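Subject: A structure for you to explore

Hello,

Here is the structure I promised to pass on to you. Please open it beside this email and look up the residues as you read.

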Amino acid sequence: MNGATVSFFRAAGFIPRGRPRGINPAAWVLANMPVASLVVAPSGMLSGDTFADTWPPAPAVDAVDERDPGPMPESVSAERDGDGAWRCSFSFQSLAARRVALVGEFNGWNPAKQPLRKSEVDGTWTTTVRLDSGTYHYKFHADDGTWLHDPRNSERAPDGFGGFNSVLRLGRLARMSASEAATNDGRIETLGLKHDSERSVYRQWLSKRDLLVRYRTLAHDVQRVDLAVRGGRIVPMHVTREGPLFSFHEARLSLPESEGLAGQSHGGAEYTFILVDGHVRRSDVRTYVVDAGSARVMSTPEWSKHAVWYQIMVERFRNGDSANDPPFSRPWTSEWFTPSPWEGRDGQTFYHGYVYRRHYGGDLQGLEQRLGYLEDLGINAIYLNPIFEAESHHKYDATTYLHVDDNFGTKGDCAALAGVEDLLDPTTWQWTPTDRRFLRFLKTAHEMGFRVILDGVFNHVGTHHSAFQDVESNGRESRFADWFDVISWKPFRYSGWSGSRGLPVFKKSARGFACDAVRDHIFAVTRRWMDPNGDGDPSDGVDGWRLDVPNDVPRPFWVEWRRLVKSINPEAFITGEIWDRADDWLDGRHFDAVMNYQFAEAVVAWAFNRKLKIKVSELDRRLADLRMAYPAGATYSLQNLVDSHDTDRVASMAFNPDREYDRMNRPRDKSSGYADTKPGPADYRRVRLVALLQMTYVGAPMVYYGDEAGMWGADDPTNRKPMLWTDQEPYDAPEFNAVDVEQLTFYTGVISLRNTQAALRVGSFRTLLVDDDNDVWAFARIHRRERVVVVLNGSNVARRLRLPIPEKWPRNWRVIFGASEVERTSDPELIVRVPPVGGLVISSTE
């Protein structure tokens, strides 16, 4: 490579000047801050002092020789395979079950992938699966759709749905909490070495030719890790994250424009890693190949990065037309725990019966009437819980995907089409007055600047769905006999979601749905609501989808479905209900984002807990791990919620601290000890602290309807009370049910802060201060010349502290949120005062 070529690459930023700075990669990508870079030249020669002129460039490290998997539960046995993996045999004991499958992180929770076989001798079900060393969550899936934790494994973890996953730990690494390695001792602990080119935490496409590459070692084990490309330069990586157990090393790799090295087509490279510690220099045991022709850059709709979401359950938001109310609808202002005259006459009690069958008459008219309220609040994106025809208030038991529930519009219009439409023939599908009412609402919402997404519940339907009723009536002769997961025809038995007979699930295969007609039907439904008039212009349709329990549907279906969605509207947004880490879902092939429950768990543990409170350093670490795990495009579009229709409300979380997230939060479980009454002022103050964090952190904040008005309640059903409105006051028991004006004013202000500061929406992220002793966390958001610094105080004491500011940053700052002052010093730092359980936001644009 000649000098001119080197200058070109340097000017383009591929060869940075100076030593890279160790900041979070998601932040760096957007801020274009320098990291170690390796540019592969088409000629195979690179500027630099060190070249990979031999291959591999150093002797390989010793392969991991681990023969003891460690203590195993009674139901699992493991032995080492020839290539280093473990052959794990799982067993499950059930005489009654007709089908059992092993499901877990290792097979995408897909019941079709790992069926168990039943012994004719003792009725024990068994299967074998190959797994690498590590920690795995799993369950057994029984024939009626029930998900069961392993009864012979005592180690469990919450599954996010009120139950447990069983936990399997394989090998020594899975039982380590901290590294015992030491640098400069000439030893490399091969147990901790890892690079998985299929996971975004280890390799991310930044553009069609630029990659972010990471390598894992045990913490403080090696002095240096180098990235080496065959026939190219060897470049030191820098440590981007170091925790108690692992260190992650990072560098940037840029591929050539033409044919690459070592015969790689499309501009590719073969690479590996060199580990240096003391006198020892070794290569990774593997080499890896990357081809620009397979580049998959994670991109999300630009508008989703600027969204402030508001989740609405239509039936409980606003009653705009009492003429379409379901029978026995309760008065909107009635006291929640007081039964109506007709409730309980059949012997049912509040939690064991009638509360789940309640209706209040919320509808599309009411929703549209209150768009102005949402606009004033600062909301610009709406997520609607299911709106399709269904028996329940929540609509997760769809009667059809073709029509909006007539209780939201014109009563009886859906039933009028009985016998006219054919589910298998979209050309017969009609538009009801209620459907058209929804489309008019969409038009109005779009004109006001709102984006609207629907809840896609495509895993199961309700028992009143016409296809399921046809199967019940006609059995094997039904045109829809292959749609549902029928276990037995005589007697008629089928799988229901989470074991519920009221929610029959569609039958699955390894590729998605077992019946192509189900796939075709869901595709047609998707087209119907995304481009209602079918003219190729999606502006009259919904702006995307939130997917209910998507991990119950095999991933290949979602890959295909995403292609359909993006072909209809490239700017459509797809988000999934994923409760745990979502690395496999945010790879550019599945979803744009997920409901970020991992964010919620960490924030609640810091802001609300007392005895089980995590330190601010732990909060910073958890969120940094998420930013590193996901591509930057996804990180800025994540729906950063704290509560939802599936959890207790945020104010009640603050009032009931020291619980695992979404656990022990239902008063109907008498052992929960949950206080389901109105929280106090101190609890609402902590909610405001969390709202400030939501609106200033990386990702798109999401508010559950009514949180901004001070609504409270335990998990389902009390988290689904009718919305509080000032023009409906006084409510019954007004001391418990009235709009909290202070809370509403705060939410309006902090949402406005986000909407007026671009740095808070698309700026890079940088931690400035982690102070465990004072429970203070400070971070910066940077966008072009704009710098915004957020300081959060989780303690009950006001803090005056010195805030470190990078040397080259401006010295003039102004307060843009919070009542405080900023003092300048001669050092590169600021002195700030932060109120107890509160925050401060300052800005500079110099």
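Below is what was found in it, starting with the sheet and moving on to salt bridges, cavities and a pocket.

Please keep in mind that this is a predicted model.

**The sheet**

A good place to begin is an open sheet built from 8 strands. Going across it, the order is E29-E28-E27-E22-E21-E20-E31-E30, and the pairing is parallel. Why do E29 and E30 each have one side without a neighbour in the sheet? Both stand at the edges and have a single partner strand each, so one side is left free of a neighbour there. Strand E30 covers residues 639–640.

Now look at E20 and E31, which pair in the parallel sense over 3 bridges. To find the pairing on your screen, start from Tyr-310, whose bridge partner in E31 is Val-703.

**Salt bridges**

The count comes to 49 salt bridges. Here are some to look at.

Arg-199 and Asp-584 form one of them, with their closest N and O atoms 3.1 Å apart. Arg-199 sits in the loop between strands E10 and E11, while Asp-584 sits in the loop between strands E28 and E29, so this pair ties together parts that are 385 residues apart in sequence. Are these two residues buried or exposed? Arg-199 has 26% relative accessibility and therefore counts as partly exposed. Asp-584, at 27%, counts as partly exposed too. The pair also belongs to a network of salt bridges that links Arg-199, Arg-555, Arg-581, Asp-583 and Asp-584.

Next, try Arg-358 and Glu-343, where the closest N and O atoms of the salt bridge are 2.8 Å apart. Both residues lie in the loop between strand E20 and helix H4, so the parts tied together here are 15 residues apart in sequence. Arg-358 is buried, and Glu-343 is buried as well.

A further salt bridge joins the side chains of Asp-727 and Arg-370, at 2.6 Å from N to O. Asp-727 is in the loop between strand E31 and helix H15, and Arg-370 is in the loop between helices H4 and H5, so the pair ties together parts 357 residues apart in sequence. Asp-727 is partly exposed, with a relative accessible area of 42%.

**Cavities**

How many cavities of 30 Å³ or more are there? The count is 6.

The largest cavity holds about 130 Å³ of space. It is lined by 14 residues, and the closest to its centre are Lys-721, Pro-722, Leu-724, Tyr-731 and Asn-737. Sorted by class, the lining of the largest cavity has 8 nonpolar, 3 polar and 3 charged residues.

The second largest cavity has a volume of about 100 Å³. Its lining is also made up of 14 residues, with Val-604, Asp-648, Met-653, Asn-656 and Arg-659 nearest the centre. In the second largest cavity, the classes are 5 nonpolar, 3 polar and 6 charged residues.

**A pocket**

Finally, have a look at the second largest pocket, which contains about 460 Å³ of space. Which residues are closest to its centre? They are Leu-417, Ala-418, Gly-419, Glu-421 and Ser-466, out of the 21 residues that line this pocket. The lining of the second largest pocket has 9 nonpolar, 6 polar and 6 charged residues.

Enjoy exploring, and best wishes!

Technical notes. Residues are numbered from 1 along each chain as its sequence is written. This is a predicted model: local features need pLDDT of at least 70, side-chain atom pairs count only at pLDDT 80 or more; totals for chains, interfaces and linings use all residues. Side-chain values use heavy atoms; hydrogens and water are left out. On a 1 Å grid over the protein atoms alone, a cavity is a set of points where a 1.4 Å probe fits but cannot get out, and a pocket is an open set with protein on both sides within 12 Å along at least five of seven lines; lining residues have an atom within 4 Å of a point. Grid points are joined across faces, edges and corners, and a volume is the space filled by probe spheres set on the points. Ala, Val, Leu, Ile, Met, Phe, Trp, Tyr, Cys and Pro count as nonpolar, Asp, Glu, Lys and Arg as charged, and the others, Gly among them, as polar. A salt bridge is a side-chain nitrogen of Lys or Arg within 4 Å of a carboxyl oxygen of Asp or Glu. Helices (H or I, at least four residues) and strands (E, at least two) are DSSP runs, numbered from the N terminus. Buried means under 20% relative accessible area, exposed over 50%, partly exposed in between (1.4 Å probe, protein chains only). Two strands pair if DSSP finds at least two bridges between them.
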